[in-house]
Amino acid sequence: MAEKELDNGMENMEIENAETESVNEEVKAEEPEGEYGSVSKEMNQDTEGQEDSKAAKKEKKKKEKADKKQDALKTKIDELEDRVKRQMAEFDNFRKRTEKEKTAMFETGAKSVIEKILPVVDNFERGLAAVPESEKGNAFVQGMEMIYKQIMTELESIDVKPIEAVGKEFDPEFHNAVMQVESEEYEPGVIAQELQKGYTYRDNVVRHSMVAVVS
């Protein structure tokens, strides 16, 4: 009978140990999933979020750097364009100023040459006016007339024109009155006689006409 009770006691102890082990296993199995497993999952999520945030910041910095570089390049291009425009404007002003000075120099030179030619024209006119009617058919006289006409044609081609005087009202811009005369043909203030022919070059007076005006 003692052996039977001992066997029953051993069985009860084995049952209790089995139940205890079962409970421990259940607790052990539940604890990692409920507490430590959740913490690990949250840590993984936090790590992934930090990595995404770092990537986003890195991409943002990269974009900002690219934008700054593009803005700097655009600014440099605008500065170069502005410099080119200013240089082109300065060159255009220089070209216009040079052309103006060149034209002025040419006009001055041309006027000086014309002033030197006009006395030659005066001498041709005086000489031809002094030729008697009987000698106007002379070959020499005809040759002088041809030279005179050629000179006047060339002067006219460069816009040198004689100033009208006799019968015109006196104009101090074109005429130089050197004497006064009485006249039944013209009214007072009108030019009655031309003593020396005046000329204009491109509408500018090269030499005033020397005239006698009716008083």
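**Two sheets and two buried residues**

Colleague: Does T200 count as buried or exposed?

Modeller: In this predicted model, T200 has a relative accessible area of 10%. The cut-off for a buried residue is under 20%. Because 10% lies under that limit, T200 counts as buried.

Colleague: In which strand is T200 found, and which residues does T200 touch beyond four places away in sequence?

Modeller: The strand that holds T200 spans residues 199–201 and is β4. Leaving aside residues up to four places away in sequence, T200 touches D159, V160, K161, I163, F174, V205 and V206.

Colleague: In what order do the strands of the open sheet with antiparallel pairing stand?

Modeller: On one side, β4 is joined to β5 (residues 204–207) by 3 bridges, and these two strands run antiparallel. β4 also pairs with β1 over 3 bridges, again in the antiparallel sense. The 3 strands therefore form an open sheet, in the order β1-β4-β5. The edge strands, each pairing on one side only, are β1 (160–162) and β5, which leaves the order β1-β4-β5.

Colleague: Which residue stands opposite Y199, and which stands opposite V160?

Modeller: In the pairing of β4 with β5, the partner of Y199 lies in β5 and is R207. For V160, the partner lies in β4 and is Y201.

Colleague: Which residue in the hairpin of β4 and β5 takes a positive phi?

Modeller: The hairpin of β4 and β5 has 2 residues between the strands. A positive phi near 55° is taken there by R202.

Colleague: Is S209 buried or exposed?

Modeller: S209 has a place in strand β6 (residues 209–214). Its relative accessible area is 0%. Because the cut-off for burial is under 20%, S209 is buried.

Colleague: Which residue supplies the backbone nitrogen that lies 3.0 Å from a polar atom of the side chain of S209?

Modeller: Not counting residues up to four places away in sequence, S209 touches I163, F174, H175, N176, E194, Q196, K197 and G198. One of these residues also places its backbone nitrogen 3.0 Å from a polar atom of the S209 side chain. That residue is G198.

Colleague: Which are the edge strands of the sheet that contains β6?

Modeller: This open sheet has 3 strands in the order β2-β6-β3, and its pairing is mixed. Two of the strands pair on one side only. These edge strands are β2 (175–181) and β3 (191–196).

Colleague: Over how many bridges do β2 and β6 pair?

Modeller: The two strands pair in the parallel sense. Within them, A177 stands opposite V211 in β6. The number of bridges between β2 and β6 is 6.

Colleague: By what average angle are neighbouring strands turned against each other in the β1-β4-β5 sheet, and by what angle in the β2-β6-β3 sheet?

Modeller: With direction ignored, the average for neighbouring strands of the β1-β4-β5 sheet is 35°. For the β2-β6-β3 sheet, also with direction ignored, the average is 30°.

Colleague: What pattern does the protein follow along the sequence?

Modeller: The protein contains 2 helices and 6 strands. Read along the sequence, they follow α-α-β-β-β-β-β-β.

Colleague: What percentage of the residues of the protein count as buried?

Modeller: The protein exposes about 17700 Å², of which carbon and sulfur atoms supply 53%. Among contacts between residues at least 6 apart in sequence, 62% join residues at least 24 apart. Of the 215 residues of the protein, those that count as buried make up 14%.

Terms used. Residues are numbered from 1 along each chain as its sequence is written. This is a predicted model: local features need pLDDT of at least 70, side-chain atom pairs count only at pLDDT 80 or more; totals for chains, interfaces and linings use all residues. Side-chain values use heavy atoms; hydrogens and water are left out. Helices (H or I, at least four residues) and strands (E, at least two) are DSSP runs, numbered from the N terminus. Buried means under 20% relative accessible area, exposed over 50%, partly exposed in between (1.4 Å probe, protein chains only). A polar contact is a pair of N or O atoms within 3.5 Å; within protein, one must be able to donate a hydrogen and the other to accept it, and residues adjacent in sequence count only if both atoms are side-chain atoms. Contact means heavy atoms within 4.5 Å. Accessible areas come from the Shrake-Rupley method with a 1.4 Å probe; for residues, only the protein chains shown count as cover. Axes are lines fitted to C-alpha atoms, for helices over the stretch in contact, and angles run from 0 to 180 degrees between N-to-C directions.
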